[in-house]
Amino acid sequence: MKITITVENPTPEALKNLLALAAMPTAVVTAVPDDRWTPERARSYYDRLPPRAQQILLQIVEGEGECAAEELKANGRSLRGSTGAFRRVLTEGKRTGLWPDALPVPLVSHIVGGQLKKLEMPGPGTEQYALPVFEEGLRDLRTGG
């Protein structure tokens, strides 16, 4: 059995009780910082994106965390308006309390000379490396399941 508890601004008494519960010999406690993506957060985020932004996100995940803008625009597909959805959906989720305020936008745009060149997730070795959790959270979509 897995139980997830989210506590924001716990009172000292509530914190004391939670710590006592976690100290039980058979307890397994895992803490997720508010500035990290989880598979559940990744899937929830994906589900709220508009269809074109969902396609882009999947293409980036399938591309090992990055994709050139030209590849994203293949077959005459425009990126106009699609990339703004990544920040907008995250902001809306934070405003409604779905995600913590410290959660970063999972994609970074690389712009050269005013032109979008590629989109990528921050890479390995960075604190915000989100690719593995997005791979896990979107696994059923990527395998056709």
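This passage describes one helix, one strand pair and the nonpolar core of a predicted model. Local features require pLDDT of at least 70 and side-chain atom pairs count only at pLDDT 80 or more, whereas totals for chains, interfaces and linings use all residues. Residues are numbered from 1 along each chain as its sequence is written, and side-chain values use heavy atoms, with hydrogens and water left out.

Helices (H or I, at least four residues) and strands (E, at least two) are DSSP runs numbered from the N terminus. Helix H5 comprises the twelve residues 84-95; at 1.5 Å a residue, taken times one less than the number of residues, the expected span is 16 Å, and the 17 Å between its end C-alpha atoms agrees with this. Ala85, Phe86, Val89, Leu90 and Gly93 of H5 are buried (under 20% relative accessible area, with exposed over 50% and partly exposed in between; 1.4 Å probe, protein chains only). These buried residues line one face of H5, because they fall within an arc of 130 degrees seen down its axis (directions from the helix axis to the C-beta atoms). Arg87 and Arg95 are exposed on the face turned away from the buried side.

Strand S2 (residues 108-112) pairs with S3 in the antiparallel sense over five bridges, where pairing requires at least two DSSP bridges. His110 has Lys118 in S3 as its bridge partner.

The largest nonpolar core (buried Ala, Val, Leu, Ile, Met, Phe, Trp, Tyr and Cys residues joined through side-chain atoms within 4.5 Å) has 30 residues, and Phe86 and Met121 are among those that touch the most other members. H3 gives the most to this core, with six residues.
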